[in-house]
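Biologist: I am new to this structure and would like a close look at a single part of it. Please take one helix, describe it, and then work outward to what surrounds it.

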Amino acid sequence: MACNSGCFNDDTITPTPIPKDGTTTVRRICFKCKATDALDSNNTDNCNVEAITNFCFDCFRANLYGKFKQAVTAHDMISPTDNVLVAFSGGPASRVALQFVHEMQSKAQRNLDASRDKLYPVFGVGVAFVDESAVRFNPSHEEENTLQDMRLIMSTLAPPTKELHITPIESIVSSESNDGRNKLKELLDIIVDVTGREDFLQHLRMLSLQKISIDKGYTKLVVGSCTSRVACHVISATVKGQGYSLPADIQHVDARWEIPVVLPLRDCLMQELAMLCRLDSLKTLDVSNGPHPGINGLVSSFISILQVRMLSFFYCSVPSQVPATQHMLPKTSVV
């Protein structure tokens with residue numbers, strides 16, 4: 001029944017048609033702009049991240065880029081005089097890091113072109129890929145396809161141009177390829193512990209990236225470590241008894257290295273980054289290192305299962321109180 005004010009009138013209501021199967025479709029509006037349909041929850045690759053389905057694509061992308069830009073600005077990660085090296089592994093996190101750094105550089109270049117005084121230079125960007133074919137033992141054609149895909153990704157990035165550095169992981173052991181492979185194999189054979197072998201390879205990757213940075217004159221090293229990755233490191237380092245160095249490991253800027261290592265995506269979830277790659281058609285590489293039976297692999301599986309179960313439990317009752325498990329772990333470990 002309508003009131004005299006005319007604010008409500010039964011005659012103006014258009015009933016929502018009910019499909020033959022009895023289900024009803026509720027239109028979900030973007031939580032931020034209030035103007036566009038939110039992302040379809042059935043089209044999110046079972047990522048179980050409620051924040052993704054609360055936004056439209058433009059707002060979702062802007063939210064992720066905002067986290068990236070906030071981290072860069074708040075922690076002074078990139079300055080106009082820097083020469084930045086982006087560590088690219090081919091996964092969603094490093095792909096998004098490369099894309100966002102490229103967009104930041106492109107904007108700085110446009111501002112420089114539009115200005116009259118030309119006071120602020122544009123920071124340089126390079127890309128590094130550590131070739132681990134010596135330890136993965138994949139067929140040669142798969143490795144060649146990976147390198148071709150990487151060059152294709154680089155070609156899609158608009159100017160300013162970026163130099164691509166591809167270095168084999170065995171080069172950190174010896175400058176000669178065959179000798180380096182043999183020495184690396186001997187070192188890995190000595191390490192009988194699976195987890196120790198994984199950590200050793202991770203250390204070699206960082207040494208390789210540092211070597212490229214020093215040799216080519218880069219001043220910052222950008223790594224695509226995200227919240228999910230940091231959360232796994234928090235638990236695995238605690239289990240290994242590496243708690244003393246843990247707070248420094250997960251800072252936004254790790255200045256312990258000769259070339260500072262920066263983590264601009266530290267506040268982003270892996271599920272969000274993977275979703276952005278799919279929705280924004282950002283090509284990633286299928287670089288699989290096989291199963292990880294050590295502590296690192298077990299912790300990664302544990303974090304994923306824990307997040308899914310907690311989301312499933314809380315989402316059915318109080319969606320606004322869904323706990324951000326992966327965000328909580330890094331915060332509790334920083335002292």
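Modeller: Helix 5 is built from 17 residues, and from its first C-alpha to its last it reaches 25 Å, close to the 24 Å expected at 1.5 Å a residue. This is a predicted model, and the description below should be read as such.

Start with the inward side. The buried residues of helix 5 are Glu-143, Thr-146, Leu-147, Met-150, Ile-153 and Met-154. These residues lie on the same side of helix 5, because the arc they cover around the axis is only 115 degrees. The face turned away from this buried side carries the exposed residues Ser-155 and Thr-156.

What do the buried residues of helix 5 pack against? Their partners are helix 3, helix 4 (133-136), strand 2 and strand 3. Two of these partners, strand 2 and strand 3, belong to the sheet, which is described next.

The sheet is open and has six strands, in the order 3-2-1-4-6-5, with mixed pairing. Its edge strands are strand 3 (163-168) and strand 5 (253-254), each of which pairs on one side only. Strand 2 (residues 124-131) and strand 3 run parallel and are joined by six bridges. Within this pair, Asp-131 stands opposite Pro-168 of strand 3. Helix 3 (residues 92-114) packs on the sheet, where it touches strand 1 (83-87), strand 2 and strand 4 (220-222). The direction of helix 3 makes about 165 degrees with that of strand 2. Helix 5 (residues 140-156) also packs on the sheet and touches strand 2 and strand 3. The direction of helix 5 makes about 160 degrees with that of strand 3.

One residue further out is worth following. Phe-68 is found in helix 2 (residues 57-74). Phe-68 counts as buried because its relative accessibility is 0%. Leaving out residues up to four places away in sequence, Phe-68 touches Phe-100, Val-101, Met-104, Pro-264 and Leu-265. Phe-68 and Cys-268 are 200 residues apart in sequence, while their C-alpha atoms are 8.1 Å apart in space.

Two residues have an unusual entry in their backbone angles. Lys-34 has a positive phi of about 60 degrees although it is not a glycine. Lys-34 is found in the segment before helix 1 and is exposed, with a relative accessible area of 57%. Ser-281, also not a glycine, has a positive phi of about 55 degrees. Ser-281 is found in the loop between helix 10 (270-279) and helix 11 (295-315), and its relative accessible area of 64% makes it exposed.

Last comes the confidence of the prediction. The protein chain averages a pLDDT of 82, and 78% of the residues score at least 70. Confidence is highest in strand 4, at 98, and lowest in helix 1 (residues 50-53), at a mean of 56. Over residues 8-16, pLDDT stays under 50, and the model has seven contacts beyond four places in sequence for them. Over residues 313-323, pLDDT also stays under 50, with eleven such contacts in the model. Where pLDDT is low, the predicted coordinates should not be read in detail.

Note on methods: Residues numbered from 1 in each chain as written. Predicted model: local features only at pLDDT ≥ 70, side-chain atom pairs only at ≥ 80, totals over all residues. Heavy atoms only, no water. Pairing = 2+ DSSP bridges. Helix = DSSP H or I, 4+ residues; strand = E, 2+ residues; numbered from the N terminus. Contact = heavy atoms within 4.5 Å. Axes fitted to C-alpha atoms, helices over the stretch in contact; angles between N-to-C directions. pLDDT = per-residue confidence, 0-100. Buried < 20%, exposed > 50% of the residue type's maximum accessible area, 1.4 Å probe, protein only. Expected span 1.5 Å × (residues − 1). Arc of directions from axis to C-beta.
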